[in-house]
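Colleague: I'm new to this one, so could you walk me through it?
Modeller: Sure, let's have it up in front of us and go question by question.

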Amino acid sequence: MQKALPDHRDVTLITPSAPMATPTHGGRAKCLQRLVRLDLPVPCTVALSFDEVHRIAAGTLPDMRGLLASFDSDALLCVRPSSEDPDWGGPSAILNIGMNDARYKALSDEIGTQAAAALYLRFVQSYAVHVARLDPDEFDESDDSGTAGLSDALAAYEAEAEEPFPQDPAVQLREVLRSMARAWEGTTARLLRQAKGAPVDAGLGLVVQEMALGLGHGECGSGVLQLVESDTGLPQLTGRYLSQSQGRDALRKRHCSLYLERDPRGPSLQDLAPEAFAKLNDFAQLVRRRLREEMQIEFTIRGGEVHILDGVRVARTARAAVRIAVRLAQDGIISEQEAVMRIEPRALSELLHRQIAPGAERDVIGRGIAASPGAATGRVVFTSADAQASAARGEACILVRRETSPEDIRGMHAAVGVLTERGGITSHAAVIGRGLGLPCVVGAARMQFQLHRKMLIGERGRSFKEGDVITLDGTSGEVLLGSPETVEAALDDAFQTLMGWADEVRDIGIRANADTPADATTARRFAAQGIGLCRTEHMFFDAERITPMREMIFADTPEDRQAALAVLLPMQRADFTELFRIMEGLPVCIRLFDPPLHEFLPKDRAGLRDLAEALDMPISDVTRRVESLAEYNPMLGLRGVRLGITVPEIYDMQARAIFEATLDASREGAPVVPEIMLPLVSAKREVEILRARIDAVAAEVRAERGRYFTFRLGVMAETPRACLRADDIAPHCQFLSFGTNDLTQMTYGLSRDDAGRFMSDYVQQGVFDEDPFHRLDIEGVGELIAAGVQRARATNKDVMLSICGEHGGNPESIAFCREVGMDYVSCSPFRVPVARLAAAQLSL
Ligand code: PEP
Ligand code: MG
């Protein structure tokens, strides 16, 4: 074999001793070089760099004769794409270059006319369609009808191209290279790969390889093989082999494939060519060990001899990726830390929830914001009452609302998924959905929600009524008709092992936002190190609590208010005792009451009548009182700490409930040190006033019970002023937790409940790179946080700092929190594993 290739790095003959192909030859070239260095029987291969291919596209071709001289003069060649990332796609491979009338004749003598005709036909078909760009209908690539098909295809080529099929291998190779190079630079191809994350200037390398024919005498054929199963990652020899075939025929023509191993379903390669089979197995093990990765190996067998043509990373689901990484580490092939680094944290949420099966058919009827991951299938219902009725009948349902409010909590608990017309990533539905692990699509504004008619109209006008079955894909934001196949969550041993390794290296704490015992249990299951935010207002919407709550709101005198609060106190105490029990001594941060009071009041006539009855008041009085509580801008009105200052009895009751629960729970288990958090603080004086009151309640409870306990008081930094004045505030508290939902809302002056309506336009037009409620705006909101952190530490070096907005589970935000020196992040329980892994990767 002559090796006359000019010695320059852009066109490199891959040999065991040649310098390593640079990254600009692409992933395939690089992999082939590694296979060659392992001494595997790889046919002679030449790699063309990105620059070379770019020059070819621009019209400057390498010396073809020189290139051809690298290969055996009788060999057929193939050209395959070699981009940086195989997922970015690329032009189709072209096989059997060099086939012409003369080679056809010679090969007919050597391997038989049928086989030679099949090789030539395949080349003519792909050359016609992909290189000469002739009408694909005239060259059906599935037609492999031997000699007759060949003469038809050659005649069709001549008729369509108005010239005979090129016979000179140099011309053939030149045209193949040129067409592949140009295909990569075309606009459609560029847009397609950019959609998959490729940079604008992504390059293409090409690999020219001598063909090892899978057709001929003796056992000949081609196939692929891998050592693991792609969906689960479990060790299992998997692949296909097809006698008398080439390329990836064995995968396409499933019905006539052979199995690799002995298999009752049909003949196997192991039976046909046991030695080749054994060799392949050995090669695959060697590749796994030395390339430190599960690879799919493409091979050809010719007369019983094995040739390795290519290796690609095994395609895998997220579940398989975890198992593969863990097994590679357990086998000592990679380190545990590398296994941790190999998993994309966001991909973990695929494991934590049931998902739509990868290949399932998707009849998309609408789209919204993917607010809480996972797949849920159920019958459409339009009210929370119907959701509860449906659950009582044991029927899964999807709750469809314009938006949800605290009154929908019970409906949400009863539903398997929630779809809303309005709202963004921090809307009520989204926050509760993530907390419950309930798949949720919000802001599906292009669908029509005709709630009065109990109809839902899809984006393309199809209408659906109550009872119709739909599926939400909370991972992609799609709404699908019917019930596509799903796969279960997979918290298997591999997952647990990987998370254990991650925790060993992580250097920032991870807590969960948890409001209910169910949330807290999930938080423990995912190994959260405590509760970073318990939003207590969610505890007041239960049927038995809403009436005393309303009585409390309507009370005219402090005595009446105390009476109503006395009914709520034991309920709150029980809530907290249960949370403390579940968390077994881990820190629990309880935020005192935050929302505007009117959220607890009825909104319709029937509700007003119920309330009038309960309070024994005329409905007109009730209506007037409800109206008097309305605010123009409730998110900036009488809520949070402002309620604590103006209606202090509510916070007093909550503080008492927390302290009594602390004593009750500490008696049974690990001592509890509760954390009490004041929401929406903007001035130091707010903290001073409330600290004095809460200290007084603590003193009362200690005296009444004759037992001592401690607690920590903290502030939720969620107004810009709290960040700017953190130096003022920090000396009065033991911790500060940044509430980035409100902080984002107030920094942008952007309503978190309404932004969903135009957010996609804003992101599409590049005004925002991303929804700032989803990914923390480090430039703006982040600056306030960084100032807050630095100012708080300047006056109280021991103050504990954290984030508890929805951003807490987002890997980029975690990086930021770690950089500014926070102690922990807190996020929805189902995002805890994502946060644990992301944080571990940051510290490696
Ligand atoms: C916040 O504002 O970031 C926060 C965590 O509180 P909420 O979402 O309850 O307003
Ligand atoms: Mg808030």
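What follows is a short chat about a predicted model.

Colleague: Let's begin with the overall layout. Which domain of the chain is assigned in several pieces?
Modeller: Domain 1 covers 11–210, domain 2 covers 221–316 and domain 3 covers 356–487. The remaining one is written as 506–540 + 558–596 + 638–843, and that is domain 4.

Colleague: How far apart are the C-alpha centres of domain 2 and domain 3?
Modeller: Domain 2 is assigned to 221–316 and domain 3 to 356–487. Going from one C-alpha centre to the other, the distance is 43 Å.

Colleague: Now the inside. Which helix gives the most to the largest nonpolar core?
Modeller: That core has 199 residues, and Val79, Leu498, Ile531 and Val715 have the most contacts inside it. Twelve of its residues come from one helix, residues 113–131, and the top contributor is helix 5.

Colleague: How many residues does the second, separate core have?
Modeller: Among its members are Val416, Ala430, Leu436 and Ala755. The count for this core is 45 residues.

Colleague: On to ligand 1. Which helix supplies the largest share of the shell around it?
Modeller: The surrounding residues include Leu533, Arg535, Asp594, Glu718 and Cys804. Strand 24 (531–535) and helix 29 (740–748) each bring at least two residues to that shell. The largest share is three residues, and it comes from helix 29.

Colleague: How many charged residues does that shell have?
Modeller: Arg535, Asp594, Glu718 and Asp742 are among the residues around ligand 1. Split by class, the shell has two nonpolar and four polar residues, and the charged ones number four.

Colleague: Which residues does the UniProt annotation "binding site" cover?
Modeller: The annotation comes from an unreviewed UniProt entry. The residues in question span 25 residues in sequence, yet no two of their C-alpha atoms are more than 5.4 Å apart, so they gather at one spot. In the record they are Glu718 and Asp742.

Colleague: Is Glu718 buried or exposed?
Modeller: Glu718 sits in the loop between strand 27 (712–717) and helix 27 (720–724). A residue needs 20 or more other C-beta atoms within 10 Å to pass the cut-off. Glu718 has 25, so it is buried.

Colleague: And Asp742, which residues does it touch, leaving out those up to four places away in sequence?
Modeller: Asp742 is part of helix 29. With 25 C-beta neighbours inside 10 Å, Asp742 counts as buried too. Its contacts are Leu680 and Glu718.

Methods. Residues numbered from 1 in each chain as written. Chains lettered and ligands numbered in written order. Predicted model: local features only at pLDDT ≥ 70, side-chain atom pairs only at ≥ 80, totals over all residues. Near = placed C-beta within 6 Å. Helix = DSSP H or I, 4+ residues; strand = E, 2+ residues; numbered from the N terminus. Nonpolar A, V, L, I, M, F, W, Y, C, P; charged D, E, K, R; others polar. Domains from an automatic or database assignment. Core = buried A, V, L, I, M, F, W, Y, C linked by C-beta atoms within 7 Å. Buried ≥ 20, exposed ≤ 12 C-beta atoms within 10 Å, placed from the backbone. UniProt positions renumbered as here; feature names shortened; annotations may be inferred. Contact = placed C-beta atoms within 7 Å.
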